[in-house]
Amino acid sequence: MPLPFLTADRAHDDDAAAGADPLGYEDRDRWRRPYRPGPWRVGGAALLLLLASYVLFSAMIIAVAGSLPAAGICAAVGALMIVTAVRLVRIGVEVSAQGLRRIGLLRGTTVRWQDIAAIRTAQQPVRWLGLPRTVQGQAVLLEPVRGGAPETVFTTHGADFLGRPESFERAADAIEGWAAAHR
């Protein structure tokens, strides 16, 4: 079973692929994540799946006890937790020949490469794990053609790159490479 969110770093992991395409992809029309999900994101999803298993087990116990409406509510909550865990792992940035796609928990936005004036890395205060606390770090900024304030794509202190500065640099280089190749 292919896991598309894990395929981005394989070119960097294999010694044989070191001289391959610098962007690391054969099919440029598919949406790909240029980095692996970070340990904070995967750990949070795993914890949510663990809690979902307890909720589903309790739904089974409640159903055996005879209260089917309550068991249905517990099963629905467990299913919602599973869907949230899957969406939590999918959060991030994907690239293809069409553009750059930012996926959030509830919605995603796609920006075509023609609508991007520049993608750059900047040193600035960034949010720590998406919380209100800010720390000094790096952020990949997207500057739209229409003007306005640059939008933050991802940071060194996000759930994917906290404690992994080399992965952040590799992902920033990959996205800048995609932008240079497709603009």
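What follows is a walk through the fold of a predicted model, from the overall layout down to its sheets and one surface patch.

Starting with the big picture, the protein chain carries four helices and six strands. Going along the sequence, these elements come in the pattern α-α-α-β-β-β-β-β-β-α. The chain has 183 residues, and 36% of them count as buried. As for how contacts spread along the sequence, take those between residues at least 6 apart: 54% of them join residues at least 24 apart. The accessible surface of the protein chain adds up to about 10300 Å², and carbon and sulfur atoms account for 62% of that.

The strands β1, β2 and β3 make up an open sheet, in the order β1-β2-β3 and with antiparallel pairing. The edge positions go to β1 (92–95) and β3 (108–112); each has a single partner strand, so one side of each has no neighbour in the sheet. From one strand to the next, the twist averages 20°. Zooming in on one pairing, β1 and strand β2 (residues 99–103) run antiparallel and are joined over four bridges. Within this pairing, E94 has R101 in β2 as its bridge partner.

Then there is the open sheet built from β4, β5 and β6, three strands in the order β4-β5-β6, again paired in the antiparallel sense. Here β4 (116–127) and β6 (151–155) are the edge strands, and because each has a single partner strand, one side of each is left without a neighbour in the sheet. Ignoring direction, neighbouring strands of this sheet are turned by 30° against each other on average. The antiparallel pairing of β4 with strand β5 (residues 134–144) extends over 11 bridges. One of the facing pairs puts T121 opposite V140 in β5. Helix α4 (residues 165–182) packs on this sheet and touches β4, β5 and β6. The direction of α4 makes about 160° with that of β4.

Turning to the surface, L47, L50, L51 and Y54 come together as a nonpolar patch, with about 410 Å² of accessible area together. One member of this patch, L47, sits in helix α2 (residues 39–65). L47 has a relative accessibility of 51%, and since the cut-off for exposed is over 50%, L47 counts as exposed.

Technical notes
Residues are numbered from 1 along each chain as its sequence is written. This is a predicted model: local features need pLDDT of at least 70, side-chain atom pairs count only at pLDDT 80 or more; totals for chains, interfaces and linings use all residues. Side-chain values use heavy atoms; hydrogens and water are left out. Two strands pair if DSSP finds at least two bridges between them. Helices (H or I, at least four residues) and strands (E, at least two) are DSSP runs, numbered from the N terminus. Axes are lines fitted to C-alpha atoms, for helices over the stretch in contact, and angles run from 0 to 180 degrees between N-to-C directions. Contact means heavy atoms within 4.5 Å. Patches are made of residues with over 30% relative accessible area and no salt bridge: like charges are joined within 9 Å, nonpolar side chains (Val, Leu, Ile, Met, Phe, Trp, Tyr) within 5 Å. Accessible areas come from the Shrake-Rupley method with a 1.4 Å probe; for residues, only the protein chains shown count as cover. A salt bridge is a side-chain nitrogen of Lys or Arg within 4 Å of a carboxyl oxygen of Asp or Glu. Buried means under 20% relative accessible area, exposed over 50%, partly exposed in between (1.4 Å probe, protein chains only).
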